[in-house]
Amino acid sequence: MKFIVTGGAGFIGGNFVHYMVEKYPQDQIINLDALTYAGNLETLQPVEGKTNYKFIKGDITDRDFIFGLFEKEKPDVIVNFAAESHVDRSITDPDIFVRTNVMGTTTLLDACKAHGIQRYHQVSTDEVYGDLPLDRPDLFFTEETPLHTSSPYSSSKASADLFVMAYHRTFGIPVSISRCSNNYGPYQFPEKLIPLMISRALADEALPVYGNGANVRDWLHVYDHCQAIDLIIRKGSDGCIYNIGGHNEHSNLEVVKTILQALGKPDSLIKYVKDRPGHDMRYAIDPAKLERDLGWEPVYNFQTGIRQTIQWYLDNREWWEHIISGEYSHYFEKMYKGRV
Ligand code: NAD
Ligand code: DAU
């Protein structure tokens with residue numbers, strides 16, 4: 001089978017490319033990525049030169065390019081990771097989120113419609129369900145939970161999901177959607193909570209915790225996300241949505257303190273800063289459908305996963321130091337100005 005994986009130079013897409021190239025030597029994996037600020041070819045070094053892998057630079061919103069690529073490569077499966085993924089950036093610049101996350105998705109769907117495809121898989125997020133209150137630990141997001149978005153990012157992802165389902169119903173495109181909780185693991189861009197806190201703690205810099213740090217996220221190791229997507233593409237039902245999560249809920253403060261403890265750094269590095277506007281309180285996934293129908297179970301729990309992840313950032317300093325010493329340092333100054 002021939003796969004086009006979009007956004008494969010990013011965090012989860014990059015991990016998925018590694019996973020697929022290693023696990024399925026008989027399949028062809030084409031990594032299509034525009035190499036935005038979040039795309040990094042250094043992430044792909046372990047698979048470069050493999051005969052079942054190739055990288056193509058391109059933008060999923062470029063209709064002529066995408067149609068030409070489908071015509072030339074005739075892919076069997078599309079897995080769409082390509083997106084603007086950072087909530088804070090969506091608050092300062094929503095337009096690019098509409099363009100990439102919504103129009104990029106419809107461009108890919110149009111190409112699937114024109115050329116035929118075995119499966120289009122949309123990598124979505126639990127953020128499309130909005131948030132849950134802290135005082136109702138009995139509540140979880142199921143696939144039936146109504147869409148109820150908070151940020152421009154989550155709104156763009158929910159819009160894309162609606163287009164995916166509309167193309168399935170109206171044009172008969174074979175699709176699936178996965179909605180995963182917060183990921184962590186190797187190769188995550190250091191604007192996101194866990195790698196940001198690891199890199200700053202190692203430099204003895206202040207750790208900016210939004211609000212009071214009580215917001216809860218449901219953390220899943222990226223490897224478990226990749227395994228779930230692989231299962232859904234191969235065994236999941238056409239037209240179905242699957243939630244992905246491993247019941248690893250932790251407050252931001254717990255996560256930050258775990259990192260500080262593992263690195264032998266003091267809690268005094270924590271700095272409470274102005275909250276994120278519209279900040280979602282709690283995410284919590286019910287993964288029962290994925291477990292029951294497809295037999296998925298995660299390999300990592302948060303304790304083992306966070307230890308492995310911290311060790312990866314210690315062992316791969318060059319990878320993230322290149323990022324934080326470049327263009328990203330200007331972003332950090334702008335985004336956290338007067339906060340840390
Ligand atoms: P990321 O920001 O690390 O990577 C995104 C990748 O997409 C980058 O390589 C970037 O260059 C590429 N890209 C952006 N715009 C593009 C365009 N127009 N054309 C082609 N490529 C483009 O993101 P991530 O954290 O790896 O997230 C990947 C996907 O998973 C996203 O769709 C996101 O919504 C979803 N998701 C993320 C998480 C999480 O915790 N990070 C959880 C659930 C779902
Ligand atoms: O739930 C899935 C989503 O998880 C994905 O769809 C998104 O692409 C991904 O970015 C992530 O969104 P979050 O907003 O939850 O992730 P982020 O790492 O930005 O923040 C995690 C929590 O930490 C959140 O409550 C905000 C808080 N935070 C974040 C940063 C960057 C801080 O307190 N300080 C910070 O500096």
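Contact, as the word is used in these legends, means heavy atoms within 4.5 Å. The model shown is predicted.

**View 1. Lys157 and its surroundings in helix H5.** Lys157 belongs to helix H5, which runs over residues 152-171. Leaving aside residues up to four places away in sequence, the residues that Lys157 touches are Ala83, Asn101, Gln122, Val123, Ser124, Thr125 and Val128. Lys157 is buried and yet takes part in no salt bridge; the nearest side chain of opposite charge is that of Asp161, at a distance of 6.1 Å. That separation lies outside the salt-bridge rule, because the rule asks for a side-chain nitrogen of Lys or Arg within 4 Å of a carboxyl oxygen of Asp or Glu. Lys157 also appears in the next view, as one of the closest residues to ligand 1.

**View 2. The shell of residues around ligand 1.** Ligand 1 is surrounded by 29 residues, the closest of which are Ile12, Asp33, Ser85, Tyr153 and Lys157. Two of the contacts drawn here involve the protein backbone: a backbone N or O atom of Phe11 lies 3.1 Å from an oxygen atom of the ligand, and a polar backbone atom of Ile12 is 2.8 Å from an oxygen atom of ligand 1. From a side chain, a polar atom of Asp33 lies 2.6 Å from an oxygen atom of ligand 1. Taken on its own, ligand 1 has 840 Å² of accessible area, and the protein covers 96% of it. Helix H1 (11-23), strand E5 (119-125) and helix H5 each contribute at least two residues to this shell, with the largest share, three residues, coming from strand E5.

**View 3. The shell of residues around ligand 2.** Around ligand 2 there are 25 residues, among which Asp126, Tyr153, Arg276, His279 and Tyr336 come nearest. Tyr153 is thus listed among the nearest residues here and is also one of the closest to ligand 1. In the side chain of Glu127, an N or O atom lies 2.8 Å from an oxygen atom of ligand 2, and in the side chain of Arg276 an N or O atom is 2.6 Å from an oxygen atom of this ligand. Leu193 takes part through its backbone, where an N or O atom lies 2.8 Å from an oxygen atom of ligand 2. The protein covers 95% of the 690 Å² of accessible area that ligand 2 has on its own. Helix H6 and strand E8 are the elements that give two or more residues to the shell.

**View 4. Tyr37 in the loop between strands E2 and E3.** Tyr37 is placed in the loop that joins strand E2 (28-33) to strand E3 (53-57), and with a relative accessible area of 28% Tyr37 is partly exposed. Not counting residues up to four places away in sequence, Tyr37 touches Glu84, His86, Arg89, Phe189 and Glu191. With two of these residues Tyr37 also makes polar contacts between side chains, one of 3.1 Å with Arg89 and one of 2.8 Å with Glu191. Glu73, by contrast, is 36 residues from Tyr37 in sequence and 27 Å away in space, C-alpha to C-alpha.

**View 5. The salt bridge between Arg63 and Asp110.** The model has a count of 19 salt bridges, and the one shown here joins the side chains of Arg63 and Asp110 at 2.8 Å, N to O. Arg63 lies in helix H2 (residues 63-73) and Asp110 in helix H4 (residues 95-115), so the pair ties together parts that are 47 residues apart in sequence. The two partners differ in their exposure, since Arg63 is partly exposed at 37% relative accessibility, whereas Asp110 is buried at 16%.

**View 6. Salt bridges of Arg200, Asp204, Glu205 and Lys265.** The side chains of Arg200 and Glu205 meet in a salt bridge of 3.5 Å, N to O. Arg200 is buried, with a relative accessible area of 11%, while Glu205 is partly exposed, with a value of 36%. A second salt bridge, of 2.9 Å, N to O, is formed by the side chains of Asp204 and Lys265. This pair links distant parts of the chain, 61 residues apart: Asp204 is in the loop between helix H6 (193-202) and strand E8 (207-210), and Lys265 is in the loop between helix H8 (252-263) and strand E13 (270-273). Asp204 is partly exposed, with a relative accessible area of 47%.

**View 7. A network of charged side chains.** Lys2, Lys54, Lys72 and Glu73 are linked to one another in a network of salt bridges.

Terms used:
Residues numbered from 1 in each chain as written. Chains lettered and ligands numbered in written order. Predicted model: local features only at pLDDT ≥ 70, side-chain atom pairs only at ≥ 80, totals over all residues. Heavy atoms only, no water. Helix = DSSP H or I, 4+ residues; strand = E, 2+ residues; numbered from the N terminus. Buried < 20%, exposed > 50% of the residue type's maximum accessible area, 1.4 Å probe, protein only. Polar contact = N/O pair within 3.5 Å; in protein donor to acceptor, adjacent residues only side chain to side chain. Lys, Arg positive; Asp, Glu negative; His and termini not counted. Near = heavy atom within 4 Å. Areas by Shrake-Rupley, 256 points an atom, 1.4 Å probe, with all protein chains shown as cover.
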